[in-house]
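Here is a walk through the sheets, one pocket and a couple of odd backbone spots in this fold. Have the model open and follow along.

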Amino acid sequence: MIITNVGSRSHDGGAHVHDPAAVRLVEITLGFWIGQAVGAFARLGIADAFAGRQRTADDLAARSDCDPQGLLRLLRSLTGVGVVREVSPGVFALDELGQHLRTDHPQSMRDLAVLQSEPWMWRVFEQLQHAVTTGAAPIKNVLGTDHYWTWLHGRPEARLVFDAGMVSVAKALQIPTALSYDYREVRRIVDVGGGLGQVLTAILTAHPHISGTLFDQPATVPDARRALADAGLAERCAVVGGDMFQAVPEGGDTYLLSFVLMDWDDERAVRLLRNVAAALPAYGRVLVLDCLVDRGTDASSSGHRFHMGRTVDLFQMCMGSARVRSRAEFEDLYADAGLRLHALHLPQAPVSLMEVTLA
């Protein structure tokens, strides 16, 4: 059999027959199919079905209750993005990204993949163009609410999926950023809007001299207490429910806002920061973990440019009235609340840490 690069006058195997920019745009515009493919792979538990071995599509289908041909086609689609690899015809193994879709991986992204492929999320993003042309968040048209938190509040099953996805984000991004800080002078941290306390748990576990208070909505308190107890931190960490826009608990020398300010418009963000400033002792500090929209744009592992903050900003534009901010915009918020940016840690990372003090 003869194999040729028909029409190619080059000696590079035909690599330059097609315009690379056009091919890249094909990849980008078909990316939403891959997102759904990864979501299906995660939701069906295929990564766990490998159980550490190479397996045929038929074997995996039997272990995950899938149609063999359908699963074979799904697996083949994911060989090009690092989730699985075909080691021999019809035999597959988990690749590097696929390992992170196992439920037992220490930095499992399985729940994030499920969340990002949820129907409600996709329905809202279908109207991104509406947000761009009108400036109005499409969530109102699609879900009938002004903010995704409001919609999730009355839907416990969807809220569980969302919370699990946020735990994945915390493991990959927030916790490494939080643990990069020097906590030697910290004695008590109040984690405002800390959810189930995954970031606070990591800090307290790494620094036994610190105690904590986890503060979130009253409905979150029972689950947060269980999570902290499971981590062996029930004696070192109190859990308090309340409204952070009314007041925050006193008694901390350090206040943590991890992925909180990005969810609120300037008016509510300043109100929250003023409440924190009112509880902050003169020698205290506020640690703000957030994305910066003006950080440098780095090449991702795929070799292509990816900007975490600017991509997350699309979510904020569609799901409510918030946005990802620049350093200057954060500094304006702090000044309005009687605070000032004292230090900026990891300014080029996907998630930065801002150390804020009283002005």
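Two strands pair if DSSP finds at least two bridges between them. Helices (H or I, at least four residues) and strands (E, at least two) are DSSP runs, numbered from the N terminus. This is a predicted model, so to speak of local features takes a pLDDT of at least 70, side-chain atom pairs count only at pLDDT 80 or more, and totals for chains, interfaces and linings use all residues. Residues are numbered from 1 along each chain as its sequence is written, and side-chain values use heavy atoms, with hydrogens and water left out.

**The seven-stranded sheet**

Start with the open sheet of 7 strands, which runs E6-E5-E4-E7-E8-E12-E11 with mixed pairing. Its edges are strand E6 (237-241) and strand E11 (339-345), each of which pairs on one side only. On average, neighbouring strands are turned by 20° against each other, direction ignored; axes here are lines fitted to C-alpha atoms, for helices over the stretch in contact, and angles run from 0 to 180 degrees between N-to-C directions.

Helix H17 (residues 327-336) packs on this sheet and touches strand E8 (285-290), E11 and strand E12 (352-358). Contact means heavy atoms within 4.5 Å. The direction of H17 makes about 145° with that of E11.

Strands of a sheet pair through backbone hydrogen bonds, either parallel or antiparallel. Here are some pairings from the model:

| Strands | Sense | Bridges | A facing pair |
|---|---|---|---|
| E4 and E5 | parallel | 5 bridges | Ile189 and Gly212 |
| E4 and E7 | parallel | 3 bridges | Asp191 and Leu256 |
| E7 and E8 | parallel | 5 bridges | Tyr255 and Val286 |
| E1 and E3 | antiparallel | 2 bridges | Arg55 and Phe92 |

How many residues of E7 are buried? The count is 5 of the 5, so E7 is largely enclosed by the rest of the structure. Buried means under 20% relative accessible area, exposed over 50%, and partly exposed in between (1.4 Å probe, protein chains only). Thr254, Leu256 and Ser258 point one way from E7, while Tyr255 and Leu257 point the other way. In a regular strand the side chains alternate between the two faces of the sheet.

**The small sheet**

The last row of the table belongs to an open sheet of 3 strands, in the order E1-E3-E2, with antiparallel pairing. Strand E1 (55-56) and strand E2 (84-88) are its edges, each pairing on one side only.

**Two loop residues with positive phi**

Phe259 is not a glycine, yet its phi is positive at about 55°. Phe259 sits in the loop between strand E7 (254-258) and helix H15 (266-279), and is buried at a relative accessible area of 14%. Leu346 also has a positive phi, near 55°, and lies in the loop between E11 and E12. At 36% relative accessibility, Leu346 counts as partly exposed.

**The second largest pocket**

On a 1 Å grid over the protein atoms alone, a pocket is an open set of points where a 1.4 Å probe fits, with protein on both sides within 12 Å along at least five of seven lines; lining residues have an atom within 4 Å of a point. The second largest pocket holds about 300 Å³ of space. Its lining includes Leu152, His153, Arg159, Gln217 and Asp223. Helix H12 (156-179) and helix H11 (148-153) each give two or more residues, and H12 has the largest share, with 5 residues.

Methods:
Grid points are joined across faces, edges and corners, and a volume is the space filled by probe spheres set on the points.
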